[in-house]
Amino acid sequence: MYKVRVILDVEEDVIRTLVVDEHQTLEKLHIQIANAFGFDGNEMASFYTSDNGWNQGEEIPLFNMSETGVGLSMTTCILNEILPHQNDKLIYVYDFLEMWTFYVEVIEQSEEKISETKIILSIGDVPKEAPNKVFESDKIVDDFDSEFNDSFNDFDNIDDIDFDKY
């Protein structure tokens with residue numbers, strides 16, 4: 001049995017602690033987390049491996065997205081294999097249009113067997129709207145554009161170009 005603390009990344013504290021079977025798939029954990037926060041679990045989602053500093057690592061998508069058919073997915077990943085130790089962490093993103101982001105951490109492990117997942121701690125309410133997210137990659141693209149001053153964007157209207165000239 002694992003006690004898993006899940007924190008929604010919003011301004012006010014919104015926390016759920018779940019008691020789950022450590023032998024279940026990440027797909028089942030995805031549904032349990034979504035339900036614990038009042039979502040139906042029908043949106044696309046991904047887990048990401050994480051270090052102790054909550055730096056995002058490898059993606060574990062809901063479905064296998066690999067062209068070779070041999071890739072990670074929530075259906076093939078078992079919780080205790082992905083998070084074998086207490087204090088191991090994942091980042092969970094639910095609904096890629098809204099980008100609800102959660103921090104998931106194993107806070108306790110035990111040999112106790114459980115038959116169903118339980119919410120043992122519930123703090124705060126989920127806001128009506130997801131917070132706006134700022135992505136570092138946007139800054140990288142802006143830096144790249146300003147550094148290379150692409151002249152392709154120097155015209156205002158494609159109709160102003162005389163294609164017969166070329």
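Hi everyone, let's start with glutamate 111, which is exposed, with a relative accessible area of 73%. You'll find glutamate 111 in the loop between β6 and β7 (118–123). Keep in mind that this is a predicted model. What does glutamate 111 sit beside, then? Methionine 1 is 110 residues away from glutamate 111 in sequence, yet their C-alpha atoms are 6.1 Å apart in space.

Staying with β6, let's turn to the salt bridges. How many are there? The count comes to two. One of them joins the side chains of glutamate 108 and lysine 3, at 3.4 Å from N to O. That pair ties together distant parts of the chain, since glutamate 108 belongs to strand β6 and lysine 3 to strand β1 (residues 2–8), 105 residues apart. Glutamate 108 is partly exposed at 33% relative accessible area, and lysine 3 is partly exposed at 22%.

The other bridge pairs glutamate 105 with lysine 89, with 3.0 Å between the closest N and O atoms. Here too distant parts of the chain are linked: glutamate 105 in strand β6 and lysine 89 in strand β5, 16 residues apart. Are these two buried or exposed? Glutamate 105 has 19% relative accessibility, and because the cut-off for buried is under 20%, it counts as buried. Lysine 89, at 10%, counts as buried as well.

Now for the loop between β5 (89–94) and β6 (100–109), which holds phenylalanine 96. Glutamate 98 is found in the loop between β5 and β6 too. Phenylalanine 96 is partly exposed, with a relative accessible area of 34%, and with Met44 and Phe63 it makes a nonpolar surface patch of about 260 Å². Glutamate 98 is partly exposed at 37%, and it gathers with Asp40, Glu43 and Glu129 in a surface patch of negative charge.

Last stop, helix α1. Which of its residues are buried? They are Leu26, Leu29, His30, Gln32, Ile33, Ala34 and Ala36. Let me pick out histidine 30, in helix α1 (residues 26–36), where the relative accessible area is 1%. What does histidine 30 touch, leaving aside neighbours within four places in sequence? Its contacts are Gly41, Glu43, Ala45, Phe47, Leu62, Met74, Tyr92 and Tyr94. You'll recognise Glu43 from the negative patch. And just after α1, glycine 38 takes a positive phi of about 90°.

That's my tour, so thanks for listening, and I'm happy to take questions!

Definitions and conventions. Residues numbered from 1 in each chain as written. Predicted model: local features only at pLDDT ≥ 70, side-chain atom pairs only at ≥ 80, totals over all residues. Heavy atoms only, no water. Patch = residues over 30% accessible without salt bridge, like charges linked within 9 Å, V, L, I, M, F, W, Y side chains within 5 Å. Areas by Shrake-Rupley, 256 points an atom, 1.4 Å probe, with all protein chains shown as cover. Salt bridge = Lys/Arg side-chain N within 4 Å of Asp/Glu carboxyl O. Helix = DSSP H or I, 4+ residues; strand = E, 2+ residues; numbered from the N terminus. Buried < 20%, exposed > 50% of the residue type's maximum accessible area, 1.4 Å probe, protein only. Contact = heavy atoms within 4.5 Å. Lys, Arg positive; Asp, Glu negative; His and termini not counted. Charge placed at Lys NZ, Arg CZ, Asp CG, Glu CD.
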